[in-house]
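The exercises below are meant to be worked through with the structure in view. Each sets a task and then follows it with a solution in steps.

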Amino acid sequence: MSSSIALKTGKTEEKVPDKIWNASFISVFIANMLMFMGQQMMNTLVAKYANHLGAAPIIVGLVTSAFAYTALIFKIFAAPAIDTFNKRYILVCAMLVMAASYAGYSFSGSIPVLMASRLLQGAGQAFSATCCLALATDTLPPDRLGTGISYFSLAQVICQSIGPTIGLSLSRTIGYHYTFMIGAVTMCLAAVAASRIRNKHVKAVKRYSISLDSIIAKEAILPAVLMFLLCMVYYNITTFLVIYAEERGCGMNIGYFFTVYAVTLLVTRPVIGRFGDKHGLVKIFIPAMFFFALAFLLISFATNIWMFLLAAFVSAFGYGACQPSVQTLCMKCVPKEKRGAGSSTNYIGQDLGNLVGPLIAGSLAGRFGYAAMWRIMIIPVALALLIVLVFRNSIHSAGQAKEEAV
């Protein structure tokens with residue numbers, strides 16, 4: 001059976017996929033998975049390495065969130081470029097930039113050099129994540145977008161299940177510097193996979209230009225605010241969990257937190273995606289945010305590895321359900337020709353959250369301790385829940401949009 005059907009739109013004929021696992025989607029999935037494997041290996045180690053170099057908690061937060069500065073700056077150029085030029089070429093170049101940044105980690109022996117490499121990663125990530133999401137959306141059937149993006153995000157889940165554990169194990173066996181080089185090689189493999197994507201580039205009607213409208217899709221601002229609040233909270237797991245677990249005497253086994261989280265997502269995420277397509281995203285957001293808050297509360301009281309693993313399981317029903325649902329909402333809010341801007345708006349919210357969250361959390365940890373920090377950081381989740389309740393009708397209407405809207 002053909003994997004696509006033809007839709008006539010004016011003078012052009014456009015092929016619309018009729019199944020999720022078509023050849024183009026599989027290519028994007030593999031490239032995205034390799035990219036996230038490198039990211040998960042590196043992100044878990046950056047905070048630990050900064051701590052190893054003697055950085056204070058607030059400096060650890062600054063280093064780990066530094067990539068968000070350049071990611072935000074380069075979003076100015078990324079969104080209009082993705083909506084104008086061939087996404088495949090952009091993705092390959094962005095992944096090579098990230099490979100260079102990971103190699104920079106390997107040669108760093110001080111906080112300033114580590115910071116510079118982290119900033120370089122942000123420059124590549126401004127294009128890579130945005131481009132992957134836009135490419136994936138282009139390859140999916142419009143009426144199965146929620147399910148498809150849930151499957152697409154499984155690449156991230158698979159990497160979350162093994163990436164941090166592999167990174168931590170390698171750092172103990174061969175040291176930080178060689179582990180960072182392995183991360184760079186992994187990103188080069190991601191670039192090779194991206195070069196194999198066979199997307200059909202349609203020449204843009206408008207020439208490349210930078211404007212507020214080409215960077216931020218106003219239709220996607222609400223979900224981007226939700227992403228900002230949720231990422232502000234979640235990124236602290238990547239930043240501080242390993243350090244906090246070592247403080248609680250669970251450092252040797254904390255890698256299993258990410259494994260339990262990811263394995264739970266592998267089972268639940270496709271179901272959540274289908275549920276959202278059928279019943280609407282609001283019915284996902286409300287219980288998921290309660291679970292996310294509960295996970296942070298459990299972490300704050302954890303005294304053994306089993307409490308951490310329970311928090312991981314609960315978090316999979318929290319942030320693990322919210323993140324792909326917010327991405328789906330972002331992409332359903334915008335017309336097809338502005339998917340680059342829609343994806344950019346989503347990741348601007350994510351980058352701002354990644355930037356602000358560790359800085360606030362690091363300050364709270366330095367002043368009140370890590371346990372209090374986990375509890376205080378539940379507040380942004382409560383704000384996100386309030387926004388969902390206030391705008392639930394708008395979210396439901398946008399979430400139910402079909403091809404006419406996307």
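**Exercise 1.** Describe the second largest pocket of this predicted model, giving its volume, its lining and the elements that supply the lining.

*Solution.* Begin with the volume, which for the second largest pocket comes to about 170 Å³ of space. Next, list the residues around this pocket: the lining is made up of Thr268, Val271, Ile272, Phe275, Lys283, Ile284, Pro287, Ala288, Phe291, Phe317 and Ala321. Then assign them to elements, where α11 (255-279) and α12 (282-301) are the ones that give two or more residues to the lining. Finally, ask which of the elements gives the most, and the answer is α12, with five residues.

**Exercise 2.** Find how many cavities of 30 Å³ or more there are, and describe the lining of the largest cavity.

*Solution.* The count comes to three cavities of 30 Å³ or more, and the largest cavity holds about 360 Å³ of space. Its lining consists of 26 residues, and those that lie nearest the centre of the cavity are Phe36, Gln39, Gln40, Gln156 and Gln350. At least two lining residues come from each of α1 (23-52), α5 (111-138), α7 (154-174), α10 (221-247), α14 (319-333) and α15 (339-368). Of the contributors, α1 gives the most, with six residues.

**Exercise 3.** Decide whether Ser106 and Tyr178 are buried or exposed, and place each in its helix.

*Solution.* Take Ser106 to start with, a residue of helix α4 (residues 87-107). Its relative accessible area is 10%, and because this falls under the 20% cut-off, Ser106 counts as buried. Leaving aside residues up to four places away in sequence, Ser106 touches His177, Phe180 and Met181. Turn now to Tyr178, which is found in helix α8 (residues 176-195). The relative accessible area of Tyr178 is 60%, which is over the 50% cut-off, and therefore Tyr178 counts as exposed. As a last step, consider Tyr178 and Ala103, which are 75 residues apart along the chain, while their C-alpha atoms are separated by 9.3 Å.

**Exercise 4.** Compare the span of helix α13 with the expected one, and then examine the start of this helix and its buried residues.

*Solution.* Helix α13 (residues 305-316) has twelve residues, for which 16 Å would be expected at 1.5 Å a residue. From its first C-alpha to its last, α13 reaches 17 Å, which is close to that expectation. At the start of α13, a side-chain oxygen of Asn304 comes to within 3.0 Å of the backbone nitrogen of Trp306. The buried residues of α13 are Ile305, Phe308, Leu309, Ala311, Ala312, Val314, Ser315 and Ala316.

**Exercise 5.** Set these details against the whole chain, and work out where the model calls for caution.

*Solution.* The secondary structure of the protein chain comes to 18 helices and two strands, and 59% of its 406 residues count as buried. Among contacts with a separation of 6 or more, 85% join residues 24 or more positions apart. As for confidence, the chain averages a pLDDT of 82, and 89% of the residues score at least 70. By element, the lowest mean pLDDT (44) belongs to strand β1 (residues 4-9) and the highest (93) to helix α16 (residues 370-376). Over residues 1-14 the pLDDT stays under 50, although the model has 24 contacts beyond four places in sequence for them. Residues 402-406 also have a pLDDT below 50, with twelve contacts beyond near neighbours in sequence. Where pLDDT is low, the predicted coordinates should not be read in detail.

Key: Residues are numbered from 1 along each chain as its sequence is written. This is a predicted model: local features need pLDDT of at least 70, side-chain atom pairs count only at pLDDT 80 or more; totals for chains, interfaces and linings use all residues. Side-chain values use heavy atoms; hydrogens and water are left out. pLDDT is the predictor's confidence in each residue, from 0 to 100. Helices (H or I, at least four residues) and strands (E, at least two) are DSSP runs, numbered from the N terminus. Contact means heavy atoms within 4.5 Å. The expected span of a helix is 1.5 Å times one less than its number of residues. Buried means under 20% relative accessible area, exposed over 50%, partly exposed in between (1.4 Å probe, protein chains only). A polar contact is a pair of N or O atoms within 3.5 Å; within protein, one must be able to donate a hydrogen and the other to accept it, and residues adjacent in sequence count only if both atoms are side-chain atoms. On a 1 Å grid over the protein atoms alone, a cavity is a set of points where a 1.4 Å probe fits but cannot get out, and a pocket is an open set with protein on both sides within 12 Å along at least five of seven lines; lining residues have an atom within 4 Å of a point. Grid points are joined across faces, edges and corners, and a volume is the space filled by probe spheres set on the points.
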